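Grab a pencil and open the viewer. Here are some short exercises on a cavity and on sheets, each with a worked solution.

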Amino acid sequence: MSPALDKGLLEQVLAAVRQIRPDADPGPDTDFRDLGLDSLDRLALVMAVEQVTGMPVTDRALSDAATPADLTRHLPAIIDRSTPMDQDHPSHLPSMPSGWLDDGARAGEGTRLWHQAQIAGSAVVGSDCTLGKGSFVGTGSTIGDRVKIGNYAGVFGASVADEAMICPGALLLEDPAPRATTPEGKRKGPDDWTRHPVTISTGATIGAGAVIAPGVTVGAHALVALGAVVLRDVPAHGLVVGNPARQVGWVCQCGRTLDTALHCTTCQLAYRHESDALAEDQDPPLE
């Protein structure tokens, strides 16, 4: 038999869900999938639940719960509510955000930093972004709004436009001649090398484990496949794979591969060649 549902606790869980999806009106049995919660959003939900309830959420609760009611039922079994978390249990309830915002760094409203995420001094991150566990945004980086940076991704001085996605483990590099020391044998400092930052355009995706070489520009809504090593510019909507990366096709704004007629069979958008890139065709020919 399922444990009884604590209505007061349920209201706290629903309040946490509304923090993640402020435009939604979730009920006790609203499926998290219907709210469009991806893996990083579910981590955000857990952090919000821990914050409003003072209770830790186990990995099993995170993986098994499908609705706010499910998640609520897991909580009383985790901890006696008469003994809320306090300073004796600091490791279970990190601050919100739980990453590091260095002196001189800026992050916009609604941006979340997960465990060990770091924004270095002078870096600027926009609004409603998500920085996954262990991710790093280096000095000189500029991140737009609604950008997702996955776990352990490294962004070194890059310019990343709105709605781009940097998947887990990806690296955006800026030093074209990396050495630890100068020719005189002294440790290199900020003035001993020239930055060649990467540019990631609006809506582009950098796949998990991909490496973007210094100075490369990835065009709007382009898709860099997982593990690719990108040494030259990628056009808007280009799909590149391999090491070194080569363009093998075109992708829609929704992320799906276009057919040979530059048509998306998923969302039905059509495109046309414009110079060396693609642009949306506002008046596709009738079939």
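**Exercise 1.** Sort the residues lining the largest cavity into nonpolar, polar and charged.

*Solution.* The lining splits into six nonpolar, no polar and one charged. Here Ala, Val, Leu, Ile, Met, Phe, Trp, Tyr, Cys and Pro count as nonpolar, Asp, Glu, Lys and Arg as charged, and the others, Gly among them, as polar. Now check the names: the lining is made of Phe32, Arg42, Leu45, Val46, Leu62, Ala65 and Leu71. A cavity is a set of points on a 1 Å grid over the protein atoms alone where a 1.4 Å probe fits but cannot get out, and lining residues have an atom within 4 Å of a point. Helix 2 (residues 39-53) gives the most, three residues; helices are DSSP runs of H or I with at least four residues, strands are runs of E with at least two, and both are numbered from the N terminus.

This is a predicted model, where local features need pLDDT of at least 70 and side-chain atom pairs pLDDT 80 or more, while totals for chains, interfaces and linings use all residues. Residues are numbered from 1 along each chain, and side-chain values use heavy atoms, without hydrogens and water.

**Exercise 2.** Find the edges of the eight-stranded open sheet.

*Solution.* First, write down the strand order: 3-6-9-12-15-18-20-21, with mixed pairing. Strands pair if DSSP finds at least two bridges between them. Next, look at the ends: strand 3 (112-113) and strand 21 (246-250) each have a single partner strand, so one side of each lacks a neighbour in the sheet.

**Exercise 3.** Which residue stands opposite Leu131?

*Solution.* Strand 6 (residues 130-131) pairs with strand 9 (residues 148-149) in the parallel sense. Facing Leu131 you'll find Ile149 in strand 9.

Definitions and conventions
On a 1 Å grid over the protein atoms alone, a cavity is a set of points where a 1.4 Å probe fits but cannot get out, and a pocket is an open set with protein on both sides within 12 Å along at least five of seven lines; lining residues have an atom within 4 Å of a point.
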